[in-house]
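Me: Pick one helix and take me through it closely, side chains included. After that, show me what else is worth checking in the rest of the chain.

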Amino acid sequence: MNNFHKEEIDCHILDEGFTAKDILDQKINEVSSDDDKDVFYVADLGDILKKHLRWLKALPRVRAPVNTLAAIGTGFDCASKTEIQLGQSLGVPPGRIIYANPCKQVSQIKYAARSGVQIMTFDSEVELMKVTRVHPKAQLVLRIATDDSKAVCRLSVKFGATLIISRLLLEWAKELNTDVIGVSFHVGSGCTDPETLVQAASDARCVFDMGAEIGFKITSVINIALDKYFPSDCGVRIVAELAFTLAVNIIAKKIVLKEQTGSDDEDELNEQTCMYYVNGGVCGSFNCILCDRAHVKPLLQKRPKPDEQCYSSMHVGDWMLFENTGAYTVAAASTLNGFQRPTIYYVMSRPMWQLVKQAQKHGFPPAVEEQGVGSLPMSCAQESGMDRHPAACASTSINVWIPFL
């Protein structure tokens with residue numbers, strides 16, 4: 001297990017009585033007198049650790065690769081040379097990296113080979129031939145197609161082999177003397193039907209059986225489906241793909257009439273809506289709105305006075321907060337038109353930091369492994385309660401305008 005030092009990521013270790021909310025407020029106060037009130041994140045690493053342990057308790061046989069948890073032994077699912085390099089920079093050994101892109105550049109396959117990364121996915125004859133030619137020692141994982149019709153973002157349209165094609169690919173791999181060690185699948189982003197996972201696990205079991213029949217010893221690839229199709233004593237290791245608060249500043253505000261098309265009601269015609277413009281856009285940290293159809297909900301950083309309505313009391317220069325904005329936000333943000341990616345301030349409570357150090361040396365205490373997150377010290381967010389004031393506490397209509405830029 002690699003060593004982890006808070007200095008490597010400029011992490012604020014918070015003593016008793018200080019919380020993630022304090023860091024948020026501190027950063028906002030620091031820029032309150034400046035003209036530049038840029039977007040920023042506060043990320044509670046202790047909360048990420050708790051989520052990881054909650055995952056392990058819910059799906060104890062599934063390994064969730066999370067880069068911030070490299071220090072406690074998690075793995076990396078990488079889609080590119082850059083992500084492989086990131087894992088290596090954190091001390092992740094090649095055996096804990098899977099190059100999980102079914103369509104790879106030859107130059108990046110060669111880089112993986114030089115770096116000792118052997119496990120990688122494929123889903124076509126062309127990819128099989130390409131990997132066999134430039135990385136003959138590769139250990140391949142066959143990605144199968146799934147029924148992702150209930151997902152927000154469907155991926156099986158472009159990735160994944162059908163069961164019929166899977167058998168042909170296994171036969172070709174055998175002829176090429178290329179090692180196939182596992183099966184992978186992706187049910188699409190935002191999958192709304194748990195049965196999709198059950199069917200995907202069933203199909204994976206089918207491909208495992210095909211591999212055994214052809215002569216492969218497949219040893220590497222959710223709980224009811226796993227227990228049914230991959231019993232815990234079958235020797236199969238399952239790998240799965242996987243606490244940020246975003247602070248944005250109000251840069252403009254206007255009151256507009258809310259048009260009611262076809263309505264003759266004078267009250268409806270005169271209904272007003274308050275529109276706020278913030279300095280974060282859909283090409284930045286809010287790209288999840290376009291790519292993943294996310295519904296973001298603003299929270300107020302300041303508590304309104306008793307005689308004020310939430311919306312009318314907000315002004316240019318005030319702050320809004322968006323919780324749970326980690327995945328598919330800043331990682332996919334661009335710098336279109338020169339707008340820079342937000343700064344991230346990492347925090348962790350001292351008890352959680354001490355737990356991480358203990359886990360590095362001796363593993364997690366038995367109480368944590370047996371009882372799960374309930375036995376852990378509180379994270380910064382839990383200590384503060386992160387009680388925010390929802391932007392829905394007045395009858396006046398509001399629109400938070402998240403610009404395209």
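Reply: Let's fix one yardstick before we start: a residue is buried under 20% relative accessible area, exposed over 50%, and partly exposed in between (1.4 Å probe, protein chains only). This is a predicted model, so local features need pLDDT of at least 70 and side-chain atom pairs count only at pLDDT 80 or more, while totals for chains, interfaces and linings use all residues. Residues are numbered from 1 along each chain as its sequence is written, and side-chain values use heavy atoms, leaving out hydrogens and water.

My pick is helix α6, residues 163-175 (helices are DSSP runs of H or I, at least four residues; strands are runs of E, at least two; numbering starts at the N terminus). Start with the greasy bit. I164, I165 and L168 make a nonpolar surface patch of about 270 Å². To join a patch like that, a residue needs over 30% relative accessible area and no salt bridge, with nonpolar side chains (Val, Leu, Ile, Met, Phe, Trp, Tyr) linked within 5 Å and like charges within 9 Å. I165 sits in α6 and is partly exposed, at 36% relative accessible area.

The helix has a charged pair too. R167 and E171 meet through their side chains in a salt bridge, 3.5 Å from N to O (a Lys or Arg side-chain nitrogen within 4 Å of an Asp or Glu carboxyl oxygen). The two are four residues apart in α6, so about one helical turn separates them. Both ends get a middling score for exposure: E171 is partly exposed at 32%, and R167 is partly exposed at 26%.

Now for the neighbour. α6 packs with helix α7, residues 195-214, at an angle of about 30°, and the two axes are 10 Å apart (axes are lines fitted to C-alpha atoms, for helices over the stretch in contact, with angles from 0 to 180 degrees between N-to-C directions). That angle is why α6 and α7 count as roughly parallel; the label covers angles under 35 degrees, with roughly antiparallel over 145, roughly perpendicular from 65 to 115, and oblique for the rest. α6 and α7 cross in a right-handed way, as the near helix is turned clockwise from the far one by less than a right angle (anticlockwise would be left-handed).

α7 carries a salt bridge of its own, in which the side chains of R205 and D209 come to 3.3 Å, N to O. R205 and D209 are four residues apart in α7, about one turn of the helix. D209 is partly exposed at 41% relative accessible area, and R205 also counts as partly exposed, at 22%. Elsewhere, K104, E127 and K130 are joined into one network by salt bridges that share partners.

Back to α6 and the loop that runs from there to β8 (179-184): N177 lies in that loop. N177 is worth a click, since this residue has a positive phi of about 60° although it is not a glycine. At 70% relative accessible area, N177 is exposed.

For another helix pair to set beside this one, try α4 (residues 106-114) and α5 (residues 125-134), which pack at about 45° with axes 10 Å apart. That makes α4 oblique to α5. The crossing of α4 and α5 is right-handed.

α1 (residues 20-31) has a pair spaced in this way as well: K21 and D25 are four residues apart, about one helical turn. K21 forms a salt bridge with D25, the closest N and O atoms lying 2.8 Å apart. Here K21 is partly exposed at 27%, whereas D25 is buried at 16%.

Further along, A294 sits in the loop between α10 (287-291) and β12 (299-300). A294 is partly exposed, at 29% relative accessibility. The C-alpha atom of A294 is 9.8 Å from that of Y328, with the two positions 34 residues apart along the chain.

Zooming out, the protein chain has 13 helices and 16 strands. Of its 405 residues, 46% count as buried. The accessible surface is about 21100 Å², and 52% of that belongs to carbon and sulfur atoms (Shrake-Rupley method, 1.4 Å probe; for residues, only the protein chains shown count as cover). Searching the whole structure turns up seven salt bridges, including R167 with E171, the one in α6 we began with.
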